[in-house]
Amino acid sequence: MPDEVRTAAVRAVIIAAITLIQATIAFLSTLAGSWLAFPMVLSSVASTVVATWGVLDVWVTRQMWNQRGGVVSVPSSTARQLRRERRRARRAARSAARSADRGGARIRRGARTRGGAGAPETSAPEAGAHEAGGQEAGTGAATPRRAPASV
């Protein structure tokens, strides 16, 4: 039960209890013929009106809470549709976050090379130049050595 409804219910119960106590005192005072009987009857009537107001306050507060909080059990409820849209938006955000998290951790199929894990592909003339002491044929210029693919 929401806080506002609970507060209204507690207030209504306290008022009803006081009304019952006043009605009991009025009844017993009337039986005893006490001077207190007439004022207690008047206050009991007033307390009955206030107790009725307290119960109506609980009912109105509960209805208001249901309308604001979206707990309406009519199938075509606007509140239900709003909840559904919020739920869809949260799911879409979660799936986007999940796909973004997975994006960096997965190895894509198109990114693989034939030379092994991350090794650059080499052509036949380059391979021959590496094996011939690191120089290209006929130029005399040294080419930079590459790390082996197994490292």
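**Exercise 1. Helices and strands**

Task: How many helices and strands does the protein chain have, and which pattern do they follow?

Solution:
- Step 1. Start with the terms: helices (H or I, at least four residues) and strands (E, at least two) are DSSP runs, numbered from the N terminus.
- Step 2. Counting such runs gives 4 helices and 0 strands in the protein chain.
- Step 3. Along the sequence, the pattern reads α-α-α-α.

Keep in mind that this is a predicted model: local features need pLDDT of at least 70, side-chain atom pairs count only at pLDDT 80 or more, and totals for chains, interfaces and linings use all residues. Residues are numbered from 1 along each chain as its sequence is written, and side-chain values use heavy atoms, with hydrogens and water left out.

**Exercise 2. Helix spans**

Task: What span should helix H1 have, and what is the distance between its end C-alpha atoms?

Solution:
- Step 1. The expected span of a helix is 1.5 Å times one less than its number of residues.
- Step 2. H1 covers residues 3-32, which is 30 residues, so the expected span is 44 Å.
- Step 3. In the model, the end C-alpha atoms of H1 are 43 Å apart, in agreement with that value.
- Step 4. Try H2 in the same way: its 33 residues should span 48 Å, and its end C-alpha atoms lie 47 Å apart, which agrees.
- Step 5. Now look just past H1: glycine 33 follows this helix and has a positive phi, near 75°.

**Exercise 3. Buried residues**

Task: Which residues of H1 are buried, and what covers them?

Solution:
- Step 1. Buried means under 20% relative accessible area, exposed over 50%, and partly exposed in between (1.4 Å probe, protein chains only).
- Step 2. In H1, the buried residues are Val5, Ala8, Ala12, Ile15, Thr19, Gln22, Ala26 and Ser29.
- Step 3. Their cover includes helix H2 (37-69).
- Step 4. Turn to H2: its buried residues, among them Ala37, Met40, Ser44 and Asp57, pack against H1.
- Step 5. For the whole chain, buried residues make up 17% of the 151 residues.

**Exercise 4. Two serines**

Task: Where are serine 29 and serine 44, and what do they touch?

Solution:
- Step 1. Contact means heavy atoms within 4.5 Å.
- Step 2. Serine 29 sits in helix H1 and is buried, because its relative accessible area is 9%.
- Step 3. Apart from neighbours within four places in sequence, serine 29 contacts Ser34, Leu36 and Ala37.
- Step 4. Serine 44 belongs to helix H2 and counts as buried at 9% relative accessibility.
- Step 5. Not counting residues up to four places away in sequence, serine 44 touches Thr19, Gln22, Ala23 and Ala26.
- Step 6. The side chain of serine 44 also reaches the backbone oxygen of glutamine 22 at 3.2 Å.

**Exercise 5. Salt bridges**

Task: How many salt bridges does the structure hold, and which residues form them?

Solution:
- Step 1. A salt bridge is a side-chain nitrogen of Lys or Arg within 4 Å of a carboxyl oxygen of Asp or Glu.
- Step 2. Side chains of opposite charge can pair when their charged atoms come close.
- Step 3. The structure holds 2 salt bridges.
- Step 4. One joins arginine 6 to aspartate 3, with the closest N and O atoms 2.8 Å apart. Both residues lie in helix H1, 3 residues apart, about one turn of the helix.
- Step 5. Arginine 6 is partly exposed at 39% relative accessibility, while aspartate 3 is exposed at 52%.
- Step 6. Another joins arginine 11 to aspartate 57, with the closest N and O atoms 2.7 Å apart. This pair links distant parts of the chain: arginine 11 is in helix H1 and aspartate 57 in helix H2, 46 residues apart.
- Step 7. Arginine 11 is partly exposed at 36% relative accessibility, whereas aspartate 57 is buried, with a relative accessible area of 17%.

**Exercise 6. Helix H3**

Task: Is alanine 79 buried or exposed?

Solution:
- Step 1. Find alanine 79 in helix H3 (residues 78-105).
- Step 2. Its relative accessibility is 15%, so alanine 79 counts as buried.
- Step 3. The C-alpha atoms of alanine 79 and glycine 69 are 7.9 Å apart, and the two residues are 10 residues apart along the chain.

Technical notes. Polar contact = N/O pair within 3.5 Å; in protein donor to acceptor, adjacent residues only side chain to side chain.
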